[in-house]
Amino acid sequence: MASSQTTFTDEARIALDTLSGRASGLFSPSMRLGVTGLSRAGKTVFISALVHNLIHGGRLPLFEAQKSGRIARAFLEEQPDDAVPRFQYEDHIAALVNDRVWPDSTRAISELRLTIEYESASGWSRMFSSGKLSVDIVDYPGEWLLDLPLLGKSFADFSREAIEMAALPVREDLSRAWRAISAEIDPNADADEMTARRLAESFAAYLKACKLDERALSTLPPGRFLMPGDLEGSPALTFAPLAGLGDRRPRSGSLHAMMERRYEAYKTHVVKPFFREHITRLDRQIVLIDAMQALNAGPGAMADLERAVTEILACFRPGRGSFLTDLFSRRIDRILVAATKADHLHHESHDRLQAIVRRLADRAVARANFTGADVDVVAMAAVRATREGTVKQGRETLPVIIGTPIAGEKINGETFDGKTETAIFPGDLPEKIDAVFDVSGPDHRQDSADPAIRFVRFRPPKLERTAEGVTLSLPHIRLDRALQFLIGDHLA
Ligand SMILES: Nc1nc2c(ncn2[C@@H]2O[C@H](COP(=O)(O)OP(=O)(O)OP(=O)(O)O)[C@@H](O)[C@H]2O)c(=O)[nH]1
Ligand SMILES: [Mg+2]
């Protein structure tokens, strides 16, 4: 009864949102752009770089409206949702441009509205169109995204999957302590707060270990266990999957019943509002994928990444018959899957990176039973932290990337000081894409001590200044292609 009531209110609210959205859309066309990505994928950097390049007239030759000089002005406006904090654009840019440090991991949700005034390309529509488009963008901690697939899962499903995943070779050692505690517990025993806490804490410790681990695992839900936001310590977070549940309904008063109730509360009070307020209203979407980390870590991590992307995509544009479909007020009609941080590779490898992500996206789209939308793929860097060069080694000339590695980063035993510019030969991505995904085959990396690509994090670039002392906009790789696909047609 309680759950059908929630559904009804959700739907009523969404219908209202849609109506008011349409009404206001008549006066100033707006679109909501979803920037999706697991934690550290590059969402905050992408949003900052996109806005900076548009406001400062950055070099965007593949973004047609800009190239043909039709953009009169782009600026930040007051955002539409009063209850959501504003995206700290100025702070992020100050960090990137002045201090040359990357923004901190995002801990809570925020939003911005970017308005673009433009001239229409055709004389005919120039007479009628307002020539103004508002793009609303929301930023949030990537971990929260992991929760969306929970909406379609019962406590028994969640428990079964969590236990299966924990036993996989890539996770087996990290999950050992939790599995040991979990094995001793009888779900049918009387509910006990201390047991619940012990289980929840050791489960959360396992998830955190996955996140910290250098194998670059895509981690598991619940996302708030990793990034609790304002829910730190609340009972909605004091639950964990249980082993050996079978098909039985939980006995009232049992640990099983208690955990199931808290799991359902987490979905109702945490996951569903986030989904309803931020995901169901999107028009377009960019999915940022940090494939570099996973590639470096091997096929196990790639499989993990692919699984996470598949589950998430299934939530964004569910096919017919999914209970999620009814919650959507709009249809996402374009999705761009973007491999981020391409500036870690020489441009000769960009096409390979793009091909790898295309394979991942194609399989994820097929498996997610995803319908209708246009899907495109790009290898990009929202902020280009390196430039390219060549280094002579004996008779060979090697393509290198040049940048300032972050203090403390290491390659071949050398530790960087965060000040010195260094040339790095990043290595090549494997030519055969299959090898990257083949968990059963031989590891495509020569051996783990010498990974195929050498990966260090660089500081943001030093911006050049014009003769008049004006700093130029942030350099990027193919950010303009992303923009063209995501909003270009709205500025035609
Ligand atoms: N070189 C380079 N590094 C990048 C780029 N984008 C992101 N990074 C790196 O990736 C890290 C994470 O980027 P964020 O934008 O903070 O990631 P996020 O998706 O917002 O992460 P959460 O807020 O934790 O969900 C940064 O601190 C940088 O080290 C890029 O375009 N180029
Ligand atoms: Mg962020």
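**Close-up 1. Thr386 sits in the loop between strand E7 (374-379) and strand E8 (387-393).** This is a predicted model, and we start with a single threonine. Is Thr386 buried or exposed? With a relative accessible area of 7%, Thr386 falls under the 20% cut-off, so it counts as buried. Its side chain has company: a polar atom there lies 2.8 Å from the backbone oxygen of Asp343. If you skip the neighbours within four places in sequence, Thr386 touches Asp343, Ile401, Ile402 and Phe458. Keep Asp343 in mind, as this residue turns up again beside ligand 1, among those that come nearest.

**Close-up 2. Strands E8 and E9 make a hairpin with two residues between them.** Just past Thr386 the chain enters strand E8 (387-393), which runs antiparallel to E9, with seven bridges joining the two. Pick out Lys392 and look across to E9: the bridge partner there is Thr397. In the turn, Gly394 has a positive phi of about 60°.

**Close-up 3. Strand E9 (residues 396-403) is mostly covered.** How many of the eight residues of E9 are buried? Six of them are. Besides its hairpin partner, E9 pairs with strand E12 (residues 422-424): three bridges join them, and the two run antiparallel. Ile401, which we met as a contact of Thr386, has Ile424 in E12 as its bridge partner.

**Close-up 4. Strand E1 (residues 30-37) pairs with both E4 and E5.** Here the pairing is parallel: five bridges join E1 to strand E4 (residues 132-139), and five join E1 to strand E5 (residues 284-289). Two positions help you find your way. Leu33 stands opposite Ile137 in E4, while Gly37 stands opposite Leu288 in E5. E1 is mostly covered too, with seven of its eight residues buried.

**Close-up 5. Two threonines hold the magnesium ion (ligand 2) from the protein side.** The donor atoms are OG1 of Thr44 and OG1 of Thr106, lying 2.0 Å from the ion. Where in the chain do these two come from? Thr44 belongs to helix H2 (residues 43-55), whereas Thr106 is in the loop between helix H4 (89-99) and strand E3 (110-118), so that the pair links distant parts of the chain, 62 residues apart. Both threonines are buried.

**Close-up 6. Ligand 1 has 20 residues around it.** Lys43, Thr44, Ser105, Gly142 and Asp343 come nearest. Thr44 also serves as a magnesium donor. Thr106, the other magnesium donor, has a polar side-chain atom 2.8 Å from an oxygen atom of ligand 1. Backbone atoms join in as well: a polar one of Arg40 is 2.9 Å from an oxygen atom of the ligand, and a polar one of Val383 is 2.9 Å from a nitrogen atom. Taken alone, ligand 1 exposes 650 Å², and the protein buries 96% of that.

**Overview. The protein chain has 14 helices and twelve strands.** Zooming out, 54% of the chain's 492 residues are buried. Among contacts between residues at least 6 apart in sequence, 77% join residues at least 24 apart. The chain exposes about 22,900 Å², and carbon and sulfur atoms supply 51% of it.

Key. Residues numbered from 1 in each chain as written. Chains lettered and ligands numbered in written order. Predicted model: local features only at pLDDT ≥ 70, side-chain atom pairs only at ≥ 80, totals over all residues. Heavy atoms only, no water. Donors = N, O, S within 2.8 Å, 3.2 Å for Na, K, Ca; no water. Helix = DSSP H or I, 4+ residues; strand = E, 2+ residues; numbered from the N terminus. Buried < 20%, exposed > 50% of the residue type's maximum accessible area, 1.4 Å probe, protein only. Polar contact = N/O pair within 3.5 Å; in protein donor to acceptor, adjacent residues only side chain to side chain. Contact = heavy atoms within 4.5 Å. Pairing = 2+ DSSP bridges. Near = heavy atom within 4 Å. Areas by Shrake-Rupley, 256 points an atom, 1.4 Å probe, with all protein chains shown as cover.
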